[in-house]
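Colleague: Got a minute to walk me through this one? I'd like to start with how the strands are put together.

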Amino acid sequence: WVQEAMDNVAVVVEDRPPADEPDLLGLRQVELPEPGRGPEGAKAFVRGLRNGFPGFYVHKEDVVVAGDKVIIRFKTEPMKHDGQYLGIPPTGRVVQMTGIGLYRVKDGQIDETWLEIDAVGGLIQMGVLPPYNINTPRRVAFAIGNIFRMAFLEAKHQITGGRKKKD
């Protein structure tokens, strides 16, 4: 059952299915932030990532199996932020994130998932959050500049209210 579970985990973190239909078969109940749970929630989560980062691809760095749990430390390929992601207009910046997934396996399938991703690091790389270790005046200047930059990017990409304008 461990090999079957590992194959299912590998689907989550390494396969490259088409952006419109990620192949996440074998998932039953996956804890994810919005948009939801289970296989459909996992598919929507991956679609959102691939929409914002068309080159989204994950490499397994380490895999540890302990009882009914599988732990995977991973990192993404450097990927360009070319699409809207979480309401953030495309910045055109290259982002690389790391994370750790803990998967509980039951009957050869992933039954539960806990996922930690360095989202703050990703937002810094996109230029949405200020870099670490900057002083207060620079942080204020960054915040004011970012208001204008995000407004410009939204107008450039015709994004309103988290959705792209229809022509």
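Modeller: Happy to! Two strands pair if DSSP finds at least two bridges between them. Helices (H or I, at least four residues) and strands (E, at least two) are DSSP runs, numbered from the N terminus. This is a predicted model, where local features need pLDDT of at least 70, side-chain atom pairs count only at pLDDT 80 or more, and totals for chains, interfaces and linings use all residues. Residues are numbered from 1 along each chain as its sequence is written, and side-chain values use heavy atoms, leaving out hydrogens and water.

Colleague: Thanks! So how many bridges join S1 to strand S2?

Modeller: Eight, and the two strands run antiparallel, with S2 covering residues 69-76. Val 64 sits opposite Ile 71 in S2.

Colleague: What order do the strands take in that open sheet?

Modeller: The four strands go S1-S2-S5-S6, with antiparallel pairing. At the edges are strand S1 (58-66) and strand S6 (109-117), each pairing on one side only.

Colleague: Switching topic: where is Met 97 found?

Modeller: Met 97 is in the loop between strand S4 (94-95) and strand S5 (98-106).

Colleague: Is Met 97 buried or exposed?

Modeller: Met 97 is buried, because its relative accessibility is 9%; buried means under 20% relative accessible area, exposed over 50%, partly exposed in between (1.4 Å probe, protein chains only).

Colleague: And which residues is Met 97 in contact with?

Modeller: Beyond neighbours within four places in sequence, its contacts include Phe 74, Lys 75, Ile 117 and Gly 122; contact means heavy atoms within 4.5 Å. The C-alpha atoms of Met 97 and Lys 75 are 5.6 Å apart, with their positions 22 residues apart along the chain.
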